[in-house]
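Here's a walk through the model, from the ligand out to a few helices and loops. Have the viewer open and follow along.

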Amino acid sequence: MKRQIVIAGNWKMHKTNSEAMQLANQVRIKTMDITKTQIVICPPFTALAPVYEVIGDSRIHLGAQNMFWEKEGAFTGEISAGMIKSTGADYVIIGHSERRQYFGESDETVNKKVKAALENGLKPIVCVGETLEEREANITLKVVSRQIRGAFADLSAEQMKKVIVAYEPVWAIGTGKTATPEQAQQVHQEIRQLLTEMFGSEIGEKMVIQYGGSVKPANAESLLSQPDIDGALVGGACLKADSFSDIIHIAEKLQ
Ligand code: PGA
């Protein structure tokens with residue numbers, strides 16, 4: 001059974017509300033012919049509600065880029081899963097390497113966020129991946145396994161059905177350097193094997209594992225054709241409707 005391809009766009013800290021609405025509208029128009037691929041766009045918090053209005057009843061899903069695990073309280077500057085859900089979003093990116101690198105996220109905080117997201121009906125897209133130093137030291141699998149075990153500690157197989165994993169080698173993010181399809185496939189396969197060990201073969205088989213790191217129209221097909229790569233988390237190339245929609249159309253043709 002082939003898994004559904006999920007293409008998500010991580011807008012990062014880009015786009016004012018009017019720019020966000022314009023981009024979302026262009027993506028909506030350019031993907032009207034899509035019937036199989038799951039599309040998710042993740043604008044900044046401030047643009048979630050306005051973008052939700054724009055995508056309306058199209059097949060585009062909305063996601064946030066981060067969240068806090070507490071429900072509410074004196075946590076100045078933070079946003080809860082319930083608040084995100086109230087904008088119309090149903091996905092949330094958790095543990096992106098930029099969050100781990102610049103904002104002190106750890107496997108433990110990722111785990112708390114994943115649990116709170118699921119409790120509030122948000123589907124987490126959980127990012128894992130090694131740095132260049134770690135790859136060169138030959139500890140990619142060790143690092144990614146630690147991240148996966150940490151992120152999903154105490155979760156049930158039932159809860160895991162709502163989760164997407166994004167493998168994003170840190171050295172490939174925003175650098176123009178992509179993992180080769182073979183390098184990516186190898187790690188995806190290892191992640192799937194670990195998930196099977198942890199949660200059983202049904203989860204292992206059904207889990208969507210996206211690749212992220214300099215995905216663009218020119219390399220999307222070779223990556224998405226790999227047996228264990230089920231989608232892409234796209235940064236730079238999702239900020240232009242043309243390149244994002246090209247990636248989505250490449251995915252559509254492969255299904
Ligand atoms: P990139 O970002 O496509 O610009 O490398 C991917 C990501 O950070 O999710």
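Contact here means heavy atoms within 4.5 Å. With that in hand, take A251: not counting residues up to four places away in sequence, A251 touches I5, I7, T37 and L224. One thing to keep in mind throughout is that this is a predicted model.

**Starting from A251**

A251 sits in helix α12. Is A251 buried or exposed? With a relative accessible area of 0%, and buried meaning under 20%, A251 is buried. One of its partners, I7, is 244 residues away in sequence, yet the two C-alpha atoms are 7.9 Å apart in space.

The helix itself covers residues 241-253. Its 13 residues should span 18 Å at 1.5 Å a residue, and that agrees with the 18 Å between its end C-alpha atoms. A251 has company on the buried list, which also includes F244, I247, I248 and I250, along with E252. And what do the buried residues of α12 pack against? They pack against the strands β1 (6-10), β2 (38-42) and β8 (231-234), plus the helices α1 (17-30) and α11 (217-224).

**The ligand site**

Now for the ligand. There are 13 residues around it, and K12, H96, E168, G174 and S214 come nearest. Sorted by class, that shell has 7 polar, 4 nonpolar and 2 charged residues.

Here are the polar distances to the ligand, each one to an oxygen atom of it:

| Residue | Protein atom | Distance to a ligand oxygen |
|---|---|---|
| K12 | polar side-chain atom | 2.8 Å |
| H96 | side-chain N or O atom | 2.7 Å |
| G174 | backbone N or O atom | 2.7 Å |

How much of the ligand does the protein cover? On its own the ligand has 280 Å² of accessible area, and the protein covers 95% of that.

H96 deserves a second look. It's in the loop between β4 (91-94) and α4, and H96 counts as buried at a relative accessible area of 4%. Besides the ligand oxygen at 2.7 Å, a polar side-chain atom of H96 has the backbone nitrogen of E98 at 2.9 Å. Leaving aside neighbours within four places in sequence, H96 is in contact with N10, K12, C127, E168 and I173. Two of those names, K12 and E168, also turn up among the residues that come nearest to the ligand.

**N66 and A117**

Next up is N66, which lies in the loop between β3 (60-64) and α3 (81-85). Its relative accessible area is 8%, so N66 is buried. Which side chain shares a 2.8 Å polar contact with that of N66? The partner is K113. Sequence neighbours within four places aside, the contacts of N66 are F45, I84, V92, I93, R99, E105 and K113.

V92 links this patch to another residue, since A117 touches it too; not counting residues up to four places away, A117 is in touch with M67, A81, V92, I94, L122 and P124. A117 belongs to helix α5, and at 0% relative accessibility it counts as buried. By way of a far pair, A117 and Y167 are 50 residues apart along the chain, with 19 Å separating their C-alpha atoms.

**Helix α7 and the loops beside it**

Helix α7 runs over residues 140-151. Its 12 residues should span 16 Å at 1.5 Å each, and the end C-alpha atoms are indeed 16 Å apart. The buried residues of α7 are T140, V143, V144, S145, Q147, I148, G150 and A151. Those residues pack against α4 (97-102), α5 (107-119), β5 (123-128), α6 (132-136), β6 (164-167) and α9 (181-199).

On either side of α7 there's a loop residue to check in the backbone torsions. N138 is in the loop between α6 and α7, while D154 is in the loop between α7 and α8 (157-160). What is phi for N138? It is near 65°, a positive value in a residue other than glycine. D154 also has a positive phi, near 70°, and isn't glycine either. As for accessibility, N138 is exposed, with a relative accessible area of 71%, and D154 counts as exposed at 68%.

How values were computed
Residues numbered from 1 in each chain as written. Predicted model: local features only at pLDDT ≥ 70, side-chain atom pairs only at ≥ 80, totals over all residues. Heavy atoms only, no water. Near = heavy atom within 4 Å. Polar contact = N/O pair within 3.5 Å; in protein donor to acceptor, adjacent residues only side chain to side chain. Areas by Shrake-Rupley, 256 points an atom, 1.4 Å probe, with all protein chains shown as cover. Nonpolar A, V, L, I, M, F, W, Y, C, P; charged D, E, K, R; others polar. Helix = DSSP H or I, 4+ residues; strand = E, 2+ residues; numbered from the N terminus. Expected span 1.5 Å × (residues − 1). Buried < 20%, exposed > 50% of the residue type's maximum accessible area, 1.4 Å probe, protein only.
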